[in-house]
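Student: I'm new to this one. Can you show me how to read its sheet and its helix packing?

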Amino acid sequence: MRATLRGLSTVVPATVLVQPEVRDVFAAQPGLNRLGQRIVGTSFDVSGIETRHTVLAELTRAAQADDPVFYDAASGELLLPGTKARNELYIEHATRLYLEAGAAAIAATPGLDAADVTHVITVSCTGFYAPGPDYVLARDLGLDPGVQRYHLGFMGCYAAIPALRLASQLCEADPDAVVLVVSVELCTLHLRASNDPDTIVASSLFADGAGAAIVSTREPGPGEPAYLLDGFATRITPVGEGDMAWKIGDHGFEMVLSTAVPAIIDAHITGALEPLFAQEDGLAAALAADASSEAVEHWAIHPGGRSILDKVEARLALSEAQLAPARGILREYGNMSSATVLFVLQRILDGADAARPGGEATARPAMPGERVAAMAFGPGLTVESALLTVAG
C-alpha cells in the first residue's frame with residue numbers, strides 16, 4: 001500500500017500583524033531614505049497579504065514591553081538584536097509550536113497513539129538548537145525512547161516536500177513505520193529595517209507558523225481527510241543561485257529574495273514539472289499539451305509572494321479557483337517558509353477556502369480520487385514537487 005498523509009494540522013502564534021500597520025512602522029524607521037520608503041510602501045501594498053502571525057507580541061503597537069528587544073513602541077523604532085538573542089527566542093517559541101503541532105497531528109489521526117510513532121522528521125530554517133526539536137518531541141509527546149529522529153535544517157521554503165518524501169521512503173522500506181513530520185518557522189525573528197530592496201521585500205512577506213502530519217501505510221478511516229502520496233521530484237533551475245539565498249548574519253539570518261525570482265520561476269516552472277509528471281504517461285502528455293490544469297484538479301503552490309503565484313497561474317494556465325487556496329493562505333498568514341505548503345494542502349483537503357467579497361474565485365472542495373500537485377521553491381533556485389491523490 002502507498003504511503004498516506006494523515007492528520008494534517010497547522011498552528012500559528014496568537015499575535016496578529018495587520019499589514020498596513022506593519023508597513024507604517026517600517027516606513028517610519030530612522031535612516032530609511034526616500035527610495036527605501038517608496039519600496040516599503042510598494043512591497044507591503046502589493047504583497048497580497050492582509051494579516052500575518054508572529055511570536056513577537058511586542059511588534060504590535062498595542063504591546064508595551066518594559067524591556068523591548070525588537071520594537072520600542074514608545075519611540076516607534078525597530079531595534080537590532082544580535083543573532084544570539086533572536087535564536088534564544090526561537091528556542092523558546094519554536095519548542096512550544098513543535099509540541100503543539102505534533103500533538104495536534106497525532107490527535108487528528110484516528111486509531112493512532114503517540115507510542116505508535118516510529119520516526120520523527122523535523123523541519124526548520126529559522127533557528128537551531130541541540131538537543132533539538134526532534135528530541136523534544138520524542139521526550140514530551142511520550143514517543144518510544146527508541147524513535148528514530150531526523151532534522152532537515154536550513155533548506156528554505158521547499159523543505160516540507162523533501163520531508164514528506166523521506167517519510168514516504170521510510171514507509172516504503174518498512175510498512176510498519178509511522179512517521180511524524182513537523183515543520184516550524186519563525187521568520188519574523190529575522191525582520192529588520194533596511195534600505196536594501198531584498199530585505200524590504202522579505203520584511204513584507206514572512207511570518208511564523210507550524211504544520212505537522214502523520215505519514216504511514218495504514219489505511220485511513222471512512223471519510224477521514226487524507227492524501228495518498230504518489231510521487232516526488234526535484235529540479236534545480238539553471239539560473240537563480242544568487243537570487244534566493246539564506247545566510248547567517250550578526251543580526252539574525254539574512255534573506256536574499258531578488259525581484260528576478262518570479263521571472264525565473266515563470267521561465268522554468270514547466271521544466272520543473274517534467275520529472276514529476278513523467279512518472280505517469282497521462283500527466284506527461286497533459287503537460288506537453290499545456291493541459292496540466294485539466295489533468296490535475298488541485299494545485300498546492302507555495303505562496304512565496306503574489307507575483308510568484310501570478311506567474312505560476314499564467315504559465316500553467318491554471319484557473320483562479322485552482323490558485324485560490326494558495327492565495328488565501330498568503331492573504332491570511334503570509335509566507336511561513338517551509339510550513340506554508342502544508343497550510344495550502346490542508347486548505348485543499350478541508351475545503352476551507354472562504355468566500356471573498358467582490359466575487360473573488362474560490363476553490364471547490366476536493367473529492368476522493370482527485371489529484372493534487374504540490375510545488376515549493378527555495379534557495380538554489382530549487383523546485384520541489386509532489387503528486388498526491390485525495391483518499392476516500
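**Reading the sheet and a helix pair**

Tutor: Start with strand β6 (residues 119-124) and strand β8 (residues 178-186), which run parallel and are joined by 5 bridges. Within this pairing, valine 120 stands opposite leucine 180 in β8. This is a predicted model: local features need pLDDT of at least 70, side-chain atom pairs count only at pLDDT 80 or more, and totals for chains, interfaces and linings use all residues. Residues are numbered from 1 along each chain as its sequence is written, and side-chain values use heavy atoms, leaving out hydrogens and water.

Student: In what order do the strands of the open sheet come?

Tutor: Strands of a sheet pair through backbone hydrogen bonds, either parallel or antiparallel. Here 9 strands (E, at least two residues, in DSSP runs numbered from the N terminus) follow the order β7-β6-β8-β9-β1-β10-β15-β14-β13, with mixed pairing; a pair needs at least two DSSP bridges. β7 (148-153) and β13 (298-301) are at the edges with a single partner strand each, so one side of each has no neighbour in the sheet.

Student: And how do α7 and α10 cross?

Tutor: Two packed helices are described by the angle between their axes and the distance between the axes. For α7 (residues 261-277) and α10 (residues 306-315), helices being H or I runs of at least four residues, the axes come within 9 Å and cross at roughly 25 degrees. Axes are lines fitted to C-alpha atoms over the stretch in contact, with angles from 0 to 180 degrees between N-to-C directions. The two helices are therefore roughly parallel, meaning under 35 degrees.

Notes. Angles under 35 degrees count as roughly parallel, over 145 as roughly antiparallel, 65 to 115 as roughly perpendicular and the rest as oblique.
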